[in-house]
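Welcome! Here are a few notes to help you find your way around. Please have a look at the model first, and then read on.

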Amino acid sequence: MAFLKQIERKWQHKWEEAKIFEADPDPKKPKCYITVAYPYPNSPQHIGHGRTYTLADVHARYMRMKGYNVLLPMAFHYTGTPVLAMSKRLAEKDQDLIDDFVNVYKVPKEKLKELAEPFKMARYFHEEIRAGMKAIGYSIDWRREFTTIDPQYNRFIEWQFQKLRERGYITRGSHPVGWCPKDGNPVGQHDTQGDVEPEIGEFTLIKFKYGDWVLPAATLRPETIFGVTNMWLNPKVEYVKAQVDDQKWIISKESAEKLRYLNRKVTVKETFRGRQLTGKRVENPATQEEILIFPADFVDPKNATGVVMSVPGHAPYDYMALENLTQSSAELKEYGLTPDAVAAVKPVSIISVAEYSEIPAGDVIKQMGITSQLDPKLEDATKEVYRHEYHSGKMKPNTGKYSGLSVAEAKEKVKTDLIAEGKAETMYELLNKPVMCRCGTECIVKIFEDQWFIDYGNPEWKMKAHKALDQMEILPEELRAEFNYVIDWLHEKACARKSGMGTKLPWDPEWIIESLSDSTIYMAYYTIVKHVKKHNIKSTQLTDEVFDWIFLGVGKPADVAKRAGIDAKVLDEMRNEFMYFYPLDSRHSGRDLVPNHLTFMTFNHIAIFPEALWPRQIATNGSVLMQGAKMSKSFGNIIPLIEGIKEFGVDPLRMGILASAELLQDADFSLTLARSMRDRLERFYRAGEAIAKTRSPEAAKSLKSQDRWLLSRLQEHIRMATEAMDKLAVRKAIHSALYELDQDVQWYLRRVAGEKETPKRKETVNYVLNQVLDAQVRMLAPVTPHICEELWEKIGGKGFISAATWPAPDSAKIDTRAEESETLVSATFQDTLDIIKATGITPKKTYYYTAAAWKWRAYSTALKKAISTKVIQSELMKELMKDNEMKRQSKSLAKFVGRVIDEVNRTSAEKKQKQLHVGTINESQILTEAEAFFRRELNAEVHIYSEDDPKRYDPKNRAQSAKPYRPAIYIE
Ligand SMILES: [Zn+2]
């Protein structure tokens, strides 16, 4: 462990000294520009945060070794509520948060007071996170670091928003938004606990009449109004009679409050329990039918109006609640009901759908085995019925003028008609409630009036976003559908708030641009910030026309430079640097940013830049679990990044985070895993160290078949690892480069261990192992750069391995014959072990009988035929019988063909090609060369015969069962 620490420090120091990760434009080299979402500095990093950044770093290091001039920069996102909310919690002395900071992350207690100030909090964790990123060895060009409250960055964002506005993408108006009533701010995904994006939907409120009063039943399926059998109220919760604008409504108490946020004027007149209305009658406005109000526990007063119409034929909740309704007359009496009245209510069928009987809700409830109206499975049941009815349901004749319409059509039409007749209206509500703000308050929907929005609903813009997505590589590709869905679903997004740090809206400076809106094209800013810092360019010099020239090539640079007071040469360099590194080659982030940041980035690039500069790739990854559980402080399983580095070492930690899962899967980290990585890497290092100094090119001239075999296998592992890295399947690459390659090395070491060890032979073996090490160190360098630098130095590699070349498979070293020969040895060895195991013999002598020449001829004829078609036994026999030697022993031939034909037909095409390419191998010679190996491993004498050798020792007549690649075996 101590040596790991020492190696880490040594190489991080050397990298910094040599500035090898500082990337400047180099016209002679292809560029690769990789960025990863910058962090909010509102808490220290834990190892879960490490995954996205480590993956981006591995990507950058890989591309660097592939010969690209790679730029990987980093900045810090001070903007908006993420920092603000956290410092507020500290200011309010939130004990959970204080425990978390002090006990888990070891923030000094005396710092806490200071951190209650947003700016100081951001500054503090900014330093902390940067130190962590350096300690874990990220190959970042730190010259380009900035924060989103730097005045120069503010100017850049102002310019971006001016452009958006000029191009018609900014609107002002009233739209529903997710809202925290306590903070008085709109909430997006980054403002909520568990990072949930609030999803807003529109309920239809159908107004059932109760005397002068209205019970507005909230539904997402207005077309089912014709199947209503009763009304539900929750008897245990509070309802109110309220004046809502000019109407008299009966609604839940919570609903009255929410309607105010939707700009309704609400005056509560009277509060009472729901049970006071059960047993009363209301009138269905669509059918004028009188129905009873029943009690139901599933009715949530926090959802919409808390008034629910009952459609038991098609709504599983209603069906279940009706079944659950007690039949005991004493209890019913309390609700003002009688058993007869309840029994008279039967589900009504109004939609026909092929998959179900008359009553779909009943079918699904039975299938799912649901017995209670509070069963969470009812949510799934509801979705399932809806999915089928929406796609293939038809309205029945009892729905009047809607009869024959599809459910999809009827849904819209009934809604429009009821609203037009004054019998219904609409209400916005969160569909994925409860959504909790980070401050702990439950979010609601608010009509945000007279606000600034980015109009992601613009159809033309959406079309271009789809186009950009089509041209982009998405890793992993499975996520493409989700991106398309998000592009379609996005609508106006509130883009400014009245609190938090950030950039003021240039034309309405009361407003501060919020954090998901000031982080969409900043990748462009990284390309110039280096010059801004170096030449101390002031924000006032960064005028709109300066940005117009740098990013859009608009204007006369000489005039622009003069007016801005920027050296013309510097301005030129900035433009060149932007044009050199743009477009962005890869954007990395966690997959939770698909529905917002990653899609916003796509939209905004389209709005600002020409098509040639749109991003080329998005790479996303899943999160990190800790021993199977989500990392959270309530589980007490958070490991701060710095602790993890101390405990396991940087390279084992990097490997532990990346080796356990492919992109989209959640990586399951555990202490055992990290320790096993550390042990594994230590073994790799020690073994490498031992052979590092043994390069002897002369030895390449005296390779044996087993040597050529390992070198040939190496090419295959290089090919696999490269293919995997190209798709950022890092786990697979590690498996090829470390584990699978190592299995081959272990076999090789066993094979050569039995050989007579002359100095010359030793030299050859070391040469082969050295070749493997050289490639292996290079393939592992992106993931475990420190250990690999150290080994590289020991091998005598030139310069840093971080700047060395990624290995390419060498086709001259692919040796199919050596591979087939080695397969013969390993298969024969395995067969021998199987026999020993099955018989329990301790072998003293082992006899191998290789297949006769005619069997090889017959086998290769079968192979040739099997390349294009399945071989039929009779046809093959017919052809083989043309050969006189075979004809002479037709009985043995028939037996042999019978034994190999299925095998040949089952063999993969690739394997068949390989074997045909190699032709007949000299099995006797190969086994004889491996004799020492067999003798040593089996601790027995070894004899090798051809099956037709008349002098063979074969007391049990085994020889005749020999097949090509499968010698017959006899053990004494
Ligand atoms: Zn809040």
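1. Is Asp183 buried, partly exposed or exposed? This is a predicted model, and in it Asp183 has a relative accessible area of 25%. Asp183 counts as partly exposed because that value falls between the limits of 20% for buried and 50% for exposed. Cys439, with 23%, is partly exposed as well.

2. Both residues help to hold a zinc ion. Its protein donors are Cys180 (SG), Asp183 (OD), Cys437 (SG) and Cys439 (SG), lying 2.2 Å from the ion. The angles among the four donor atoms run from 97 to 120°, and the site is tetrahedral.

3. Along the chain, the donors follow the spacing C-x2-D-x253-C-x1-C. Asp183 sits in the loop between β3 and β4, while Cys439 belongs to the loop between β16 (424-430) and β17 (444-455), so this pair ties together parts that are 256 residues apart in sequence.

4. Now to the sheet. Four strands form an open sheet in the order β4-β3-β17-β19, with antiparallel pairing. Its edge strands, each pairing on one side only, are β4 (185-186) and β19 (492-494). Strand β3 (residues 170-180) is joined to β4 by two bridges, and Trp179 stands opposite Pro186 in β4.

5. Finally, do visit the second largest pocket, whose volume is about 1,400 Å³. It is lined by 39 residues, and the closest to its centre are Phe203, Leu220, Asn303, Glu379 and Thr382. Among the elements giving two or more residues to this lining are β5 (200-210) and α13 (377-392). By class, the lining has 18 nonpolar, nine polar and 12 charged residues.

Key
Residues numbered from 1 in each chain as written. Predicted model: local features only at pLDDT ≥ 70, side-chain atom pairs only at ≥ 80, totals over all residues. Heavy atoms only, no water. Pairing = 2+ DSSP bridges. 1 Å grid on protein atoms, 1.4 Å probe; cavity = no way out; pocket = protein on both sides within 12 Å on 5 of 7 lines; lining within 4 Å. Points joined across faces, edges and corners; volume = space filled by probe spheres on them. Nonpolar A, V, L, I, M, F, W, Y, C, P; charged D, E, K, R; others polar. Donors = N, O, S within 2.8 Å, 3.2 Å for Na, K, Ca; no water. Tetrahedral: all angles 85-135°; square planar, octahedral: opposite > 155°, others 65-115°. Buried < 20%, exposed > 50% of the residue type's maximum accessible area, 1.4 Å probe, protein only.
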